[in-house]
Each structure stands twice: as structure tokens, then as C-alpha cells.
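Reader: Hi, I have a structure open and don't know where to begin. Can we walk through it together?

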Amino acid sequence: MTISPPILFVGAGPGAAEHLTLGALDALRAADVVVHDRLVGAEVLALIPEGTRRVDVGKEGFGPSTAQADIHAVLVAEGLAGRRVVRLKGGDPGIFARLDEEIEAITAAGLTFRILPGLTTASVAAAAIGQGLTQRGRNTGLRIVTGHVMEGFAEQDWKALARPGEVAAIYMAKRAARFLQGRLMMHGARPETPVTIVENAGRADQCIRAATLASLAASAAAATGPAILLLGLAPRAAIDALSQLSEAQA
Ligand code: SAH
């Protein structure tokens with residue numbers, strides 16, 4: 001009986017090669033097969049050695065996707081064949097990436113695993129706008145939430161999210177933007193609450209849109225690539241420019 005190496009669940013970061021960990025790079029170089037998502041950036045995919053087999057199990061919100069059961073079947077088959085399998089996921093594999101379901105499937109088949117964490121989009125998006133995700137005196141916690149679940153838009157603790165100073169990184173939120181706007185305002189969030197939309201975070205085509213809760217739906221609709229919403233955060237550059245303007249006017 002062959003003893004299969006552990007399946008490696010590896011975080012690719014949001015796209016740029018510079019956000020990949022050294023551990024992830026080593027894993028990619030040593031793999032026999034890389035099973036990856038659509039959201040893994042081209043720069044990262046380019047680091048997979050040429051002879052290594054790749055299986056694209058891309059998932060797109062509301063769009064065509066590989067059934068989760070088929071992904072499990074690929075991982076199990078490759079693992080049981082004794083191959084070194086890297087399951088490469090965008091960002092961090094433990095955040096909105098169905099990690100537990102895949103672990104359950106492979107462990108049920110007698111396979112073992114290791115998780116190599118990656119930079120999650122929230123970290124890279126906050127860095128892109130020059131902000132910390134927490135700040136003394138502003139927010140003592142950070143919420144990581146999703147805009148949608150399998151059944152539709154996700155319900156959240158709106159009252160808590162609507163409090164002034166609250167910061168949330170909202171994944172999969174483009175289509176839910178109008179819903180989020182409505183729910184938050186209904187629970188008392190101020191229309192001028194900053195919300196920043198970071199599209200293609202960390203990639204060459206990164207696009208930052210500074211909005212407020214009032215303008216959120218329109219701004220989010222303009223994004224065509226993967227995007228994250230940072231509720232409660234405005235780009236630092238915009239704040240600095242505004243305060244310089246008001247100083248100049250004073
Ligand atoms: N595991 C990933 C999240 C997967 S859920 C992580 O830790 O980042 C998919 C969602 O992540 C997308 O809908 C989008 O909201 C966000 N996302 C992933 N890559 C992104 C990128 N490069 N720029 C902006 N948002 C991204």
C-alpha cells in the first residue's frame with residue numbers, strides 16, 4: 001500500500017506573486033498536481049513549474065462552476081494515487097473557501113492534510129488604501145463577513161455593523177451591495193459612513209473606489225472583477241487630501 005503524502009491546502013493570496021508565502025512557493029514547486037480556483041491570480045499560476053499538472057476547478061459567484069462533489073472526487077483520486085496534491089485557493093484557504101468540506105471529504109477517504117495559510121484579501125485591500133483594519137479608539141474588532149450564501153444574500157448582525165466606527169471586510173458583496181446598503185441604513189448606519197470598494201486587490205489592475213453608504217450601490221455596480229468592500233474605512237490619501245483642503249480653506 002502506498003502511503004499518500006498529505007494534501008496541502010495552500011493560500012495563494014489575492015493575486016500578486018509578492019503576496020505568496022515562501023511555504024506556498026515551495027509547495028507549488030514540489031507538487032505533482034495543482035488543483036486551483038479561478039480566483040488564483042495569473043502571476044501565481046505562472047510560478048507553477050511547466051511540467052506540473054493543473055486542474056482548474058474555477059468557481060464564479062452565480063456563474064458556471066465545478067460542483068463541490070467533483071472537486072472532492074478529484075482531490076481524493078489524486079491523493080489516493082499517491083501524488084503530491086496542492087489544493088490552491090485564492091487568499092487564505094480558511095476564509096470563505098469551503099476548506100472544511102474538502103478536509104472532511106479527503107479525511108473520510110483516509111487521506112491526511114496540512115494547511116498553508118495565505119494573505120486574505122482584506123489584509124491586502126486595507127494595505128492598498130493605507131489603512132489598518134483595527135485602530136485604537138475606533139474599532140476594537142474586525143468583522144469578516146460574506147455578502148451572499150448559497151440561498152441568496154447573507155443576513156448579518158446589522159445592528160452591530162451599523163454602529164459608528166465599526167469596520168467590516170465584506171467578501172462576495174458586489175451583487176449584495178444594494179441589499180447591504182438597505183439593511184445597514186435601516187439599522188441606523190449613517191449615509192456618510194465610508195465604504196471603500198477594492199477591486200482586483202493586489203493585482204496590476206487594482207482599482208480603488210471610495211464611496212459612502214449612500215453611494216455604495218452605484219459604486220459597487222461599476223466593479224467588474226473580484227471586489228471586496230471595506231465598511232467603515234476610507235482611503236487614507238482621500239482623508240489627507242480632504243483635511244488639507246479644509247485647512248487651506250480655514
Ligand atoms: N479565500 C479568499 C476569499 C474567497 S471568497 C480570501 O481569503 O481572500 C471570494 C471573494 O473574495 C470574492 O468574491 C471577493 O470578494 C474576494 N476576493 C478574492 N480575491 C480578490 C481580489 N484580488 N480583489 C478583491 N477581492 C477579492
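Author: We'll take the domains, then salt bridges, then a few single residues. Keep in mind that this is a predicted model.

Reader: Okay, domains. Which residues belong to domain 1 and domain 2?

Author: The domain assignment gives 7–116 for domain 1 and 121–240 for domain 2. Their C-alpha centres lie 27 Å apart. The contact takes twelve residues from domain 1 and 14 residues from domain 2.

Reader: How much area do domain 1 and domain 2 bury between them?

Author: About 1,100 Å². Carbon and sulfur atoms carry 72% of it. On the side of domain 1 that touches domain 2, there are seven nonpolar, four polar and one charged residues.

Reader: And how many salt bridges are there between domain 1 and domain 2?

Author: Zero. For polar contact, the count between the two domains is two residue pairs.

Reader: What's the salt bridge count by this rule, then?

Author: Twelve salt bridges. Take Glu-102 and Arg-87 as one pair. Their closest N and O atoms are 2.8 Å apart. Glu-102 is in helix α4 and Arg-87 in strand β4, 15 residues apart.

Reader: Are Glu-102 and Arg-87 buried or exposed?

Author: Glu-102 has 1% relative accessibility, so it counts as buried. Arg-87 is buried too, because its relative accessibility is 1%.

Reader: Got another pair?

Author: Arg-143 forms a salt bridge with Glu-166, and the closest N and O atoms are 2.9 Å apart. Arg-143 lies in strand β6 and Glu-166 in the loop between α6 and β9, so the pair ties together parts 23 residues apart in sequence. Arg-143 is partly exposed at 27%. Glu-166 is buried, with a relative accessible area of 13%.

Reader: What about Glu-192 and Arg-190?

Author: Their side chains meet in a salt bridge, 3.8 Å from N to O. Glu-192 counts as exposed because its relative accessibility is 51%, and the cut-off for exposed is over 50%. Arg-190 is partly exposed at 46%.

Reader: Which residues do shared partners join into one network?

Author: Asp-37, Arg-87, Lys-89 and Glu-102.

Reader: New topic. Which way does phi usually go outside glycine, negative or positive?

Author: Most residues other than glycine have a negative phi. Arg-98 has a positive phi of about 55 degrees. Arg-98 sits in the loop between β4 and α4. At 30% relative accessibility, Arg-98 is partly exposed.

Reader: And what is phi of Met-172 near?

Author: Near 50 degrees, so to speak a positive value in a residue other than glycine. Met-172 lies in the loop between β9 and α7. Met-172 counts as partly exposed, at 37% relative accessibility.

Reader: Now His-19. Where does it lie?

Author: His-19 is in the loop between β1 and α1. His-19 is buried, with a relative accessible area of 16%. Leaving out residues up to four places away in sequence, His-19 touches Gly-13, Pro-14, Leu-119, Val-124 and Gly-202.

Reader: Last one, Leu-216. Is it buried or exposed?

Author: Buried, because its relative accessible area is 2%. Leu-216 is in helix α8.

Reader: What does Leu-216 touch?

Author: Beyond residues up to four places away in sequence, Leu-216 touches Ala-177, Gln-181, Val-195, Ile-197, Ala-211 and Leu-229. The C-alpha atoms of Leu-216 and Thr-193 are separated by 9.9 Å. Those two residues are 23 residues apart along the chain.

Technical notes:
Residues are numbered from 1 along each chain as its sequence is written. This is a predicted model: local features need pLDDT of at least 70, side-chain atom pairs count only at pLDDT 80 or more; totals for chains, interfaces and linings use all residues. Side-chain values use heavy atoms; hydrogens and water are left out. Helices (H or I, at least four residues) and strands (E, at least two) are DSSP runs, numbered from the N terminus. Buried means under 20% relative accessible area, exposed over 50%, partly exposed in between (1.4 Å probe, protein chains only). Contact means heavy atoms within 4.5 Å. Domain bounds come from an automatic or database domain assignment. Buried area is the accessible area (1.4 Å probe) that two parts lose on being put together, summed over both. A salt bridge is a side-chain nitrogen of Lys or Arg within 4 Å of a carboxyl oxygen of Asp or Glu. A polar contact is a pair of N or O atoms within 3.5 Å; within protein, one must be able to donate a hydrogen and the other to accept it, and residues adjacent in sequence count only if both atoms are side-chain atoms. Ala, Val, Leu, Ile, Met, Phe, Trp, Tyr, Cys and Pro count as nonpolar, Asp, Glu, Lys and Arg as charged, and the others, Gly among them, as polar.
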